[in-house]
Amino acid sequence: MTGRLPPALDDLRDRLREAAARDIEIERRVAERVRGARWRRGLLVALAGIASFAGVAVAQRAFDREGPARPTVRDLPSPTAAPDPGLVATSATADPTGGPSWGLRVFASSDGLDCVAVGRISGGALGTYDASRTFRALPPRVSGACERVAHSGLLVAAQRRPLPQPRTIVYGLARDGQPVRITIAGKTRTVRPGGLGSFIDVRRGLADMSGATVTTTVAGHLVRRRLG
Amino acid sequence: MAQLMRTHARAGETTLLARSLREADAFAAFYTAYVARVSAYFVRRVFDPEVAVDLTAETFALALERRRQFRGHSTHEEQGWLFAIAKSLLQAYWRRGRIEQAAVARLGLERQSLGTEDFEYLHFQAGMEALRGRLAQALDVVRPDQAAAIRARVLEEREYAEIAADFETTPEVIRARVSRGLRTMQRFLGDKVYDALADA
C-alpha cells in the first residue's frame with residue numbers, strides 16, 4: 001500500500017537524511033577530538049613520569065573570547081546544511097513563556113578546548129534577540145565557554161540576560177551524558193543532556209546565583225560546580 | 001562524550017533508529033518504513049493533507065532529535081515510540097489550534113508545497129473518499145461556526161485565506177475553528193470512523 005512516495009514526502013526524506021548526516025558528523029568530530037585530547041594527555045603524563053614528577057594534574061579552564069580560529073564543522077559535506085551546522089538540536093529547550101527554543105553550538109577553540117555557545121534557535125540558526133525583538137544569527141567566531149571536558153567531565157556556564165525578557169540560563173557539557181541537577185535559589189531541576197552531553201536550563205527572571213550549584217555523575221563519581 | 005556514544009551504540013542495534021545514530025541512510029529507511037502510516041494517521045484525524053504533512057514532518061524531526069533517547073530493541077517498540085510522538089503532536093494541535101513546527105525549524109527543514117500527486121497519495125492512504133460522507137453526517141455535533149469552517153476546508157477543499165475572507169476574519173481563526181471542531185467530531189465519532197476506514 002505504501003509504494004513510491006509522492007514528491008513532497010520524497011523530498012522530506014532527503015532533507016531528513018541530510019539533517020541526520022549533519023548530526024552524525026558533529027558527533028564523530030567531537031569524539032575524534034576527545035580521543036586526541038586523551039592521547040595528548042596520556043603522553044603528557046608519561047613524560048611527567050619520566051621526569052620524576054608525581055601527582056601531576058592538569059586542569060585548564062578558560063573563557064575563549066576570540067572564539068575558534070575555524071569551526072571544526074565548517075566543511076560539512078552537505079551543500080544544503082542548516083545555517084548553523086554546529087548546532088546541537090537534541091539539547092534544545094523551550095523558553096518558559098514560549099517563542100523560539102534555546103539551543104547550543106558546540107565547537108572547538110583554536111587551542112583544542114571544547115566550547116559551547118548558547119542562543120535562540122530560528123530557521124536552523126543559533127542567534128539572539130535584541131531589544132527590538134529582531135533575531136540576529138551568531139557569527140562563526142562567536143565567543144563561548146571553553147574547557148577540556150574530556151579531563152574535567154563537566155563544563156558549566158551561566159548567563160543572566162535582561163533583554164528582551166529577563167532570563168537566567170545555565171548550560172554546558174556533561175561528558176558522560178548523565179542527568180544534570182541544577183539548583184538556583186533553592187529550586188532544583190534535573191536536565192537530561194542531549195547530543196554530545198550538552199544541556200540547557202532556562203528560567204524566568206534574573207536569578208540570584210549565590211549558592212547556585214550544578215552536579216552530575218562522571219565516571220561514577222559525583223561532580224559539583226558552584227556558580228555563585 | 002565518547003563513552004556516551006558507546007553507550008548509545010549498545011542500545012538496540014537491531015532497530016533502524018539505533019542504526020541511525022551511525023548511518024544517515026538508516027534514518028531515511030526509518031522514515032520510508034513509517035511515513036505512509038504516520039501521514040495517514042494524521043489525515044484521518046485532521047482531514048487536511050497540508051496540516052497532516054506539517055505534523056508528519058514535525059513528528060520525524062522530533063524523532064531525529066530524540067532518537068538517542070529511544071531504549072527499545074524491536075521494530076514494534078520503535079513504531080510505538082514514533083506514534084507516541086505523533087499522538088502528542090496531534091493533541092497539541094487540537095488543544096492550541098496551531099501546528100507545532102519547532103523541531104522542523106531547529107533542523108532547518110523546509111517542506112515542498114503539496115501538488116496533485118501528493119494530495120492523491122494522501123487521500124488514497126487515508127481513505128478520504130469513504131470518510132467524507134461520515135464527516136458530513138457528524139457536522140451537526142459541532143458549533144455552527146466550526147461546522148461552516150470544516151465544511152469549507154475539508155469537504156469543499158478551499159484555501160484558509162479564501163474562507164477567512166468570506167467570514168470576515170483571519171486565516172488563523174479559521175484554522176482554530178477547524179481544528180477544534182474536528183476534535184469535537186472525533187470525540188463524537190469515537191473509533192467508528194477509523195474502523196470504517198479499515199474497510200475502505
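Which residue in β9(A) does A:Val156 stand opposite? Select A:Val156 and look straight across: the residue facing it in β9(A) is A:Gly172. Before you go on, keep in mind that this is a predicted model.

**Stop 1: a sheet in chain A**

Stay where you are and select β8(A) together with β9(A), residues 167-174. These two strands run antiparallel, and eight bridges join them. Now add β12. You should have an open sheet of three strands in chain A, in the order β8-β9-β12, with antiparallel pairing. Colour β8 (154-161) and β12 (198-204) of chain A to mark the edges: each of them pairs on one side only. Turn the sheet and look along it, and you can follow a twist that averages 15° from one strand to the next. What holds strands side by side like this? Strands of a sheet pair through backbone hydrogen bonds, which may be parallel or antiparallel.

**Stop 2: a hairpin in chain A**

Next, select residues 213-218 and 221-226 of chain A, which are β13 and β14. Six bridges link this pair, again in the antiparallel sense. Click on A:Thr217 and find its bridge partner in β14(A), A:Leu222. Then go to the turn, where two residues sit between the strands of the hairpin. One to click on here is A:Ala219, which takes a positive phi near 50°.

**Stop 3: where the two chains meet**

Zoom out and show both chains. Here 42 residues of chain B are in contact with 43 residues of chain A. Between them, the chains bury about 3,800 Å², and 66% of that lies on carbon and sulfur atoms.

How many salt bridges are there between chain B and chain A? The count is four. To see one, select A:Asp23 and B:Arg67, whose closest N and O atoms are 3.0 Å apart. You can also hunt for polar contacts, since eight residue pairs across the interface are listed by the rule, both at pLDDT 80 or more.

Which parts of chain B should you colour on this side? Try α1 (2-10), α3 (24-46), α4 (49-66), α6 (102-107) and α7, as each supplies at least two residues of the side that touches chain A. Give α3(B) a colour of its own: it brings the largest share, nine residues.

**Stop 4: helix α7 of chain B**

Finish with residues 116-126 of chain B, helix α7. Show the side chains of its buried residues: B:Asp118, B:Tyr121, B:Leu122, B:His123, B:Gln125 and B:Ala126. Then step past the end of the helix to B:Gly127, which follows α7(B) and has a positive phi, near 65°.

Notes
Residues numbered from 1 in each chain as written. Chains lettered and ligands numbered in written order. Predicted model: local features only at pLDDT ≥ 70, side-chain atom pairs only at ≥ 80, totals over all residues. Heavy atoms only, no water. Buried < 20%, exposed > 50% of the residue type's maximum accessible area, 1.4 Å probe, protein only. Helix = DSSP H or I, 4+ residues; strand = E, 2+ residues; numbered from the N terminus. Pairing = 2+ DSSP bridges. Axes fitted to C-alpha atoms, helices over the stretch in contact; angles between N-to-C directions. Contact = heavy atoms within 4.5 Å. Buried area = accessible area lost by both parts, 1.4 Å probe. Salt bridge = Lys/Arg side-chain N within 4 Å of Asp/Glu carboxyl O. Polar contact = N/O pair within 3.5 Å; in protein donor to acceptor, adjacent residues only side chain to side chain.
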